[in-house]
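Me: Please choose one part of this model and go through it closely, in connected prose, giving your cut-offs as you go.

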Amino acid sequence: MNETPTYPHFSPGKLFVGPGSSADLAREIPGSFVYLVVTDRGLSQAGMAARLTRILEQAGKRFHVFDAVAADPPIEVVTSALETARQNGCNAVVAIGGGSSLDAAKAVAVGMKHDVSLREYGDGRLVKGPIAPLYAIPTTAGTGSEATRVAVITDAAKKEKMAIRGDHLTPLASALDPDMLVGIPARIAAETGIDALTHAVEAFVSRNANTITDVLALGAIEKIGLHLCRFARDTTDKAAALEMLVASCLAGQAFTNAGLGLVHSIGEVLGSRYHTSHGLSCALYLPATMAFNQPAAPERFARIARALGEDVKDLAPEEAGRRAVVAVEHLFEALRLPRTYNAVGIDFKLTSKMVDDVLPQFSTQCNPRKADADEVAALFNAPMG
Ligand SMILES: [Fe+2]
């Protein structure tokens with residue numbers, strides 16, 4: 001009898017890695033398409049998008065720029081980008097930006113090929129079959145969207161974030177180019193880095209973790225422990241930026257296969273209500289959720305502690321596991337991340353609907369320790385200070 005379970009493993013598309021690799025990607029994409037370059041106005045005004053479009057021009061690629069992506073992109077932004085694509089005959093997408101631009105671009109590439117209302121995907125329908133050709137250049141090291149099969153956009157009318165999912169949602173190729181991160185604000189470097197750390201931690205302790213996602217997640221945690229502070233201190237440090245880009249991509253691969261946990265399901269509900277940045281939402285709940293989960297998987301948390309540089313070899317598993325929480329708290333102190341609703345500027349009020357919204361989520365089901373409504377409420381209230 002075969003007792004070893006089988007599982008599918010999903011790998012990302014081609015990666016161009018290193019300083020200047022976005023130019024390699026721009027030169028390599030096929031010349032037969034007309035590209036919609038999807039980005040946000042900030043990057044457009046800072047000239048980052050122009051660096052890419054100059055290379056596209058030199059390489060003889062046809063394109064049109066859509067630079068109106070907003071944070072937590074609403075459905076309307078995707079609709080507007082699709083209209084721009086239609087008017088200009090675009091049939092492929094290049095995303096340049098943070099998670100919002102990459103996720104909006106994924107939704108645009110879905111809309112180019114599938115005549116289905118995006119809201120239907122939010123209700124759980126999977127994207128079946130290929131989307132328009134999609135290429136990505138991340139300008140933050142956090143979401144790992146270049147490696148995942150999900151795009152998160154916002155249904156502003158419902159005050160809800162919705163996830164569009166499907167095996168075809170990963171870019172065909174992406175560039176992990178540290179030149180694209182140079183000089184980003186330290187706060188963005190810290191918050192997005194904590195998003196990547198949360199992906200790796202939640203994937204590593206997920207009920208769906210496997211031997212491949214374990215290696216990816218632990219590798220990401222180790223890199224983040226070594227390089228996040230260095231990068232946040234000096235965002236012109238290209239070596240640190242590259243390490244963080246690789247860590248974010250590894251963590252994305254880990255969680256797109258293993259799933260996430262309660263930090264993400266609670267954080268998404270908070271973000272939908274209070275418009276907190278996604279990285280900050282993760283920061284608010286990660287330590288308390290790790291402490292809650294630690295008794296369910298002490299050996300796993302001990303390995304996280306070790307990956308973050310803690311010396312745990314003479315400790316019992318429970319004590320070693322608790323060191324993972326201590327290590328993350330030290331990291332947060334070093335990054336000067338806010339830890340309370342007050343510090344983030346939120347007048348927080350918990351409702352039973354918010355708890356109800358967390359319980360059925362897929363991320364909640366992947367969490368290593370089952371949480372009832374009272375325990376979810378306690379985690380929501382942890383940052384009350
Ligand atoms: Fe995340």
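Reply: Donors are N, O and S atoms within 2.8 Å of the metal (3.2 Å for Na, K and Ca), and since water is not among the atoms, sites may look incomplete. In sequence, the donor residues of the iron ion follow the spacing D-x3-H-x64-H-x13-H. The model is predicted, so local features need pLDDT of at least 70 and side-chain atom pairs pLDDT 80 or more, whereas totals for chains, interfaces and linings use all residues. Residues are numbered from 1 along each chain as its sequence is written, and side-chain values use heavy atoms, without hydrogens or water.

The iron ion is held by OD of Asp 195 and by NE2 of His 199, His 264 and His 278, at 2.1 to 2.2 Å. These four donor atoms subtend angles of 82 to 166° around the iron ion, which makes the arrangement irregular (four donors are tetrahedral if all angles lie between 85 and 135 degrees; four are square planar and six octahedral if opposite donors are over 155 degrees apart and all others between 65 and 115; anything else is irregular). Asp 195 and His 199 both belong to helix α7, residues 186-205, and because they are four residues apart there, about one helical turn separates them (helices are DSSP runs of H or I with at least four residues, strands runs of E with at least two, numbered from the N terminus). Asp 195, at 3% relative accessibility, counts as buried, and His 199 is likewise buried, with a relative accessible area of 3% (buried means under 20%, exposed over 50%, partly exposed in between, for a 1.4 Å probe and protein chains only).

Beyond the iron site, helix α3 (residues 48-58) has Met 48, Ala 49, Leu 52, Thr 53, Ile 55 and Leu 56 as its buried residues. Around the axis they cover an arc of only 155°, which puts them on the same side of α3 (the arc is that of the directions from the helix axis to the C-beta atoms). The face turned away from that buried side carries the exposed residues Glu 57 and Gln 58, and just after α3 Gly 60 takes a positive phi of about 75°. Among the elements covering the buried residues of α3 are β2 (34-38) and β5 (134-138), where contact means heavy atoms within 4.5 Å.
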